Amino acid sequence: MKRYLIFCAIIATLSALSFTSFDTIISDAIIGILAGTLGGVIAYFACKTEKIKNIAAALLIITIFFTTKIFLLPYYYAAIYDFTLKSEYPIYKTIDKYYPQEYNAFLVKMKASIIKAGGFEENQRLNQSAALVNYATERSIPYASTKDIYNYLSVTFQIEKRLYAINPAIILALEYPSRTPDQTLAVVLNTVPQVAMKAILQAKEKLIASGSQNKKPLELSKEEMDKATKSIQDIMAFLTQTYGKDTVNDTFYATTPFKDPIKSAQTLLTFYELFLE
């Protein structure tokens, strides 16, 4: 019996070591212990001869270990991540409520990341999270109340105005993460104060909730629509005159990395300021 237990422990340890990195050593050790215990017990009571017990135990331990590691653990990690994300940032609970398909697709990508890399790859996780929040925000703006839109723009403008003094590229990374490859979100978020980040997310959460509860576009009279259109045209004309047509096009319409990040950051801040006025 003692020799059999030592044999099971060795097989479980070898299984864990074959698929372990420094990032996952604790989880793999736990899985190895569980696999060794469960596989060893099943083989011990199910088989008669010692030789068959050893063979069955080895096969069971390896099967249990890799099945748990590859198929079950990602779901566990994703569930923990889902719970933690919603607890720390309620905006994700709101997104899950009004955009459940998109939120589930986000979790599926997180599971795929775990299977591929053995854990969450930080930049990918942050990029996917930002893409989800931006998607829900853009879809909600046309139906949100003017109060919540104004609040979101006001909070964003005040915070980004302070961030501009630190590094103009941070503003662009927050607004257009896919267009700022040199500024990874991990670096950006370490630069932005946590209080400021939470304030932006809270403003976005209110906007998403407002624009998702009752999806009816704003009803404007022809006079109001004409006035609003004229205001936007005046703002864009001022930006073009101040920063140049190429900069305005690059800031708002391009999809490639910014040609002049500083001027684009200035253009974006001026747009927010004039729009709020």
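Where is Leu-220 found? In this predicted model, Leu-220 belongs to the loop between α10 (194–213) and α11 (222–243). Its relative accessibility is 42%, so Leu-220 counts as partly exposed. Together with Leu-218 and Met-225, Leu-220 makes a nonpolar surface patch of about 270 Å². The chain as a whole exposes about 16500 Å², of which carbon and sulfur atoms supply 62%.

The architecture around this loop is helical. The secondary structure of the chain comes to 13 helices and 0 strands. Of its 277 residues, 39% count as buried. Among contacts between residues at least 6 apart in sequence, 70% join residues at least 24 apart.

The interior may be followed through its nonpolar cores. The largest of these has 31 residues, and Leu-163, Leu-174, Val-192 and Leu-239 are those with the most contacts inside it. Two or more residues are given to this core by each of α7 (146–166), α8 (168–175), α10, α11 and α13 (261–276). Once neighbours within four places in sequence are left aside, Val-192 is in contact with Leu-163, Ile-170, Leu-174 and Met-197. Another core, of 15 residues, lies apart from the one that holds Val-192; Leu-85, Met-110, Ala-136 and Leu-201 are among its members.

Helix α13 can be examined for both its geometry and its packing. At 1.5 Å a residue, its 16 residues should span 22 Å, and the end C-alpha atoms are 23 Å apart, which agrees. Buried residues of α13 include Ser-264, Ala-265, Thr-267 and Leu-268, and also Leu-269, Thr-270, Phe-271, Tyr-272 and Leu-276. The helices against which the buried residues of α13 pack are α7, α8, α11 and α12 (245–252).

Charged side chains form a further set of links. Side chains of opposite charge can pair when their charged atoms come close. The count comes to 5 salt bridges, and a network of them links Asp-82, Lys-86 and Asp-96. Within this network, Lys-86 forms a salt bridge with Asp-82, the closest N and O atoms being 3.4 Å apart. Both residues lie in helix α3 (residues 50–88), 4 residues apart, about one turn of the helix. An α-helix has 3.6 residues a turn, so residues three or four places apart point the same way. Asp-82 and Lys-86 are both buried; for Lys-86, that class follows because its relative accessibility is 17%, under the 20% limit.

The side chain of Lys-86 also meets that of Asp-96 in a salt bridge, at 2.6 Å from N to O. This pair links distant parts of the chain, with Asp-96 in helix α4 (residues 91–98) and Lys-86 in helix α3, 10 residues apart. Asp-96 has a relative accessibility of 22% and therefore counts as partly exposed.

A further salt bridge returns the reader to α11, the helix that follows the loop of Leu-220. Here Lys-222 pairs with Asp-226, and their closest N and O atoms are 2.9 Å apart. Because these two residues are 4 residues apart in helix α11, about one helical turn separates them. Lys-222 is exposed, with a relative accessible area of 64%, whereas Asp-226, at 41% relative accessibility, counts as partly exposed.

Conventions:
Residues numbered from 1 in each chain as written. Predicted model: local features only at pLDDT ≥ 70, side-chain atom pairs only at ≥ 80, totals over all residues. Heavy atoms only, no water. Patch = residues over 30% accessible without salt bridge, like charges linked within 9 Å, V, L, I, M, F, W, Y side chains within 5 Å. Areas by Shrake-Rupley, 256 points an atom, 1.4 Å probe, with all protein chains shown as cover. Salt bridge = Lys/Arg side-chain N within 4 Å of Asp/Glu carboxyl O. Buried < 20%, exposed > 50% of the residue type's maximum accessible area, 1.4 Å probe, protein only. Core = buried A, V, L, I, M, F, W, Y, C linked by side-chain atoms within 4.5 Å. Contact = heavy atoms within 4.5 Å. Expected span 1.5 Å × (residues − 1).
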